[in-house]
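Trainee: Please pick one strand and look at it closely with me. I want to know what sits beside it and what it belongs to.

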Amino acid sequence: MTNIKNKDADVLAIKLRNRLIALLQGNNISENEISLEDYQSSRCQLNYSVDWEFSCSQSQNGYAGNHHVSPHYGDDVNNYNIESTRRCTIAKSDKSIRGEFISSIAKQDGDGLFNSISSNTFYNFGGHSVHTGCNNCKQSGAVYCGACGGSGNQNCYSCAGRGKIYNSQSQREDLCYGCMGTGKMWCSGCGGKGWIHCNTCDGAGFFTWITTSEAIATPKIYFSFEVNFSKIELNNFLSITPVNQLSNIVSFSVGDCQDIGDSVWRVYYKAFTTIIEAGFKIKNNSFRVAAIGDSLTPFIKPHIFDYLFSVEIEKSKTLNAMRKVDYKISLEIFNLFKESRLLSGVVKSFLSKYPSNSKESIRYLRDAVFESCEGFISKESSSVLGLSIPKFIKCISPEYSKEAWNIYFLPVLILLFVVGAYSGLYGGGRVVLINGFSSSIIIPVLATLIAAPFAAAASSRRIAKIHAMTPKEFQVKSRHYRPIMLYMVLSVLMVYVGGYIGAVLK
Ligand SMILES: [Zn+2]
Ligand SMILES: [Zn+2]
Ligand SMILES: [Zn+2]
């Protein structure tokens with residue numbers, strides 16, 4: 001492999017620089033702060049091989065009664081087992097049944113590699129079946145009734161088996177009419193039959209066993225390459241890149257195919273491409289970036305955004321550590337995020353997808369930051385930045401004003417507590433304001449419904465003031481009704497707590 005020091009290399013280097021500029025610009029950096037320092041480029045040959053291993057996948061299911069399929073082996077379990085083994089052997093080593101699969105892979109040429117990602121069922125044998133007897137009922141389908149020991153009778157309930165009942169009025173033993181004097185009655189467990197249906201085989205006396213067999217091919221992938229520099233990094237990159245994603249990078253052609261023993265078939269793929277490694281000065285720091293293929297897919301990705309977003313990351317850490325999120329810091333971080341093309345994009349897409357705060361949204365944000373930075377950021381930094389987004393959004397663009405609701409509901413809750421305590425002391429534990437009505441639920445619910453519109457109105461006045469400072473596209477839809485359920489529960493609770501305390505004091 002020779003290094004390319006010619007016009008092609010220059011073209012690649014400029015292409016890589018333009019890609020980097022397109023990604024970075026608008027994120028605390030301008031185009032003229034990104035300069036190409038040095039570069040080298042090399043031809044690169046990628047060799048892949050796929051070992052398709054042929055094997056058998058079998059499963060056996062049992063059913064009560066007759067469910068036989070074809071071929072069916074009667075009750076000849078021995079030959080049924082022999083057939084299972086025979087099918088397995090065919091799946092592994094019979095070359096005639098894999099012919100169609102092999103030619104379909106070969107027909108796809110180089111694209112066959114991109115499709116070599118998962119196991120493939122290439123032949124379906126269907127099922128074969130056998131019958132076996134039920135041991136629980138000795139194939140009769142019925143078992144003795146445990147309640148009566150098979151006799152079909154049990155002692156009469158009315159006379160406990162005596163056949164007579166003592167009459168306290170006449171002080172005599174009368175005949176028991178329940179059993180007409182026999183002392184026995186039909187067993188309720190078996191209806192007098194003495195036997196019951198066998199549950200193990202559902203009364204059939206035998207089972208059907210069906211084995212289904214499939215022949216599957218499972219790919220194992222190996223690769224090697226020849227290149228002059230960045231060997232370890234390229235090796236790491238190819239190890240974690242699934243073959244179906246290689247189609248974005250290079251195009252392969254299929255080479256030799258050969259049988260490796262009875263149950264493995266090997267296909268060779270080959271691709272020629274170029275790689276480039278370049279040094280960039282970004283603001284005052286140097287970074288090395290390397291890329292492969294016509295589309296210049298980067299495989300050395302320094303954490304450039306950890307450097308460009310260092311202020312945002314530090315401030316986000318401060319915000320994430322706060323128990324009560326501060327409005328001033330939230331606004332400060334929000335303004336920083338707003339100035340960055342990538343971060344403001346993440347915030348906007350978050351607002352359009354997840355209006356409220358959830359665990360799912362936090363995971364989404366961490367990944368969203370990482371992905372929009374195209375991996376040029378550490379996982380740690382992307383989760384710090386992602387975590388702060390819902391926090392400052394909640395502060396600068398809240399769904400409702402907690403303060404407004406608290407101001408209106410504090411007096412309501414106190415009043416309800418007093419009502420509760422009063423009824424505990426004088427009302428025998430019942431709220432007596434509505435005569436004869438158990439109103440410990442109705443009063444707090446009514447009070448909540450009366451106070452809620454006032455609180456909601458105050459809440460929307462407060463939010464309007466906060467929203468006036470937040471750009472429209474970052475404003476969360478107001479939901480002033482959100483806290484109503486919370487306060488309704490609190491109100492009911494207050495009456496009960498008041499009532500309890502009142503009753504204790506009494
Ligand atoms: Zn049975
Ligand atoms: Zn019985
Ligand atoms: Zn009786």
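Mentor: Here is a walk along one strand, its partners and its surroundings.

First, some ground rules. This is a predicted model, in which local features need pLDDT of at least 70 and side-chain atom pairs count only at pLDDT 80 or more, while totals for chains, interfaces and linings use all residues. Residues are numbered from 1 along each chain as its sequence is written, and chains are lettered from A and ligands numbered from 1 in the order in which they are written.

How confident is the predictor? pLDDT is its confidence in each residue, from 0 to 100. The chain averages 89, and 95% of its residues reach 70 or more. Residues 431-437 fall below 50, yet this stretch has 13 contacts in the model beyond near neighbours in sequence. A contact means two C-beta atoms, placed from the backbone, within 7 Å. Where pLDDT is low, the coordinates should not be read in detail.

Now the strand: β12, residues 264-282. A strand is a DSSP run of E with at least two residues, numbered from the N terminus. Two strands pair if DSSP finds at least two bridges between them.

Start with β2, which spans residues 34-64. β2 and β12 pair antiparallel over 19 bridges. One place to look is Arg 43, whose bridge partner in β12 is Thr 274.

Next comes β11, residues 253-259. This strand also pairs antiparallel with β12, over five bridges. Asp 259 stands opposite Trp 265 in β12. β11 and β12 form a hairpin with four residues between the strands, and Gly 261 there takes a positive phi near 75°.

Then turn to β13, residues 285-292. Eight bridges join β13 to β12, and the two run antiparallel. Ala 278 has Val 289 in β13 as its bridge partner. This hairpin has two residues between its strands.

Pause at Lys 283. It lies in the loop between β12 and β13. Its phi is positive, about 55°, although it is not a glycine. Most residues other than glycine have a negative phi. Is Lys 283 buried or exposed? Neither: Lys 283 counts as partly exposed because it has 13 C-beta neighbours inside 10 Å. The cut-offs are 20 or more other C-beta atoms within 10 Å for buried, 12 or fewer for exposed, and partly exposed in between, with C-beta atoms placed from the backbone.

Now widen the view to the nonpolar core. A nonpolar core is a set of buried Ala, Val, Leu, Ile, Met, Phe, Trp, Tyr and Cys residues joined through C-beta atoms within 7 Å. The largest one has 66 residues, and Leu 16, Ile 276, Ala 291, Val 346 and Phe 392 touch the most other members. β2, the 19-bridge partner of β12, gives this core its largest share, eight residues. The core draws at least three residues from each of domain 1 (1-123 + 216-301) and domain 3 (305-396). Those bounds come from an automatic or database domain assignment.

What do the two domains share? Their C-alpha centres lie 35 Å apart. Seven residues of domain 1 and eight of domain 3 make the contact. Look at Phe 392 too: leaving out residues up to four places away in sequence, it touches Leu 319, Val 325, Ser 330, Ile 333 and Phe 334.

Conventions: pLDDT is the predictor's confidence in each residue, from 0 to 100.
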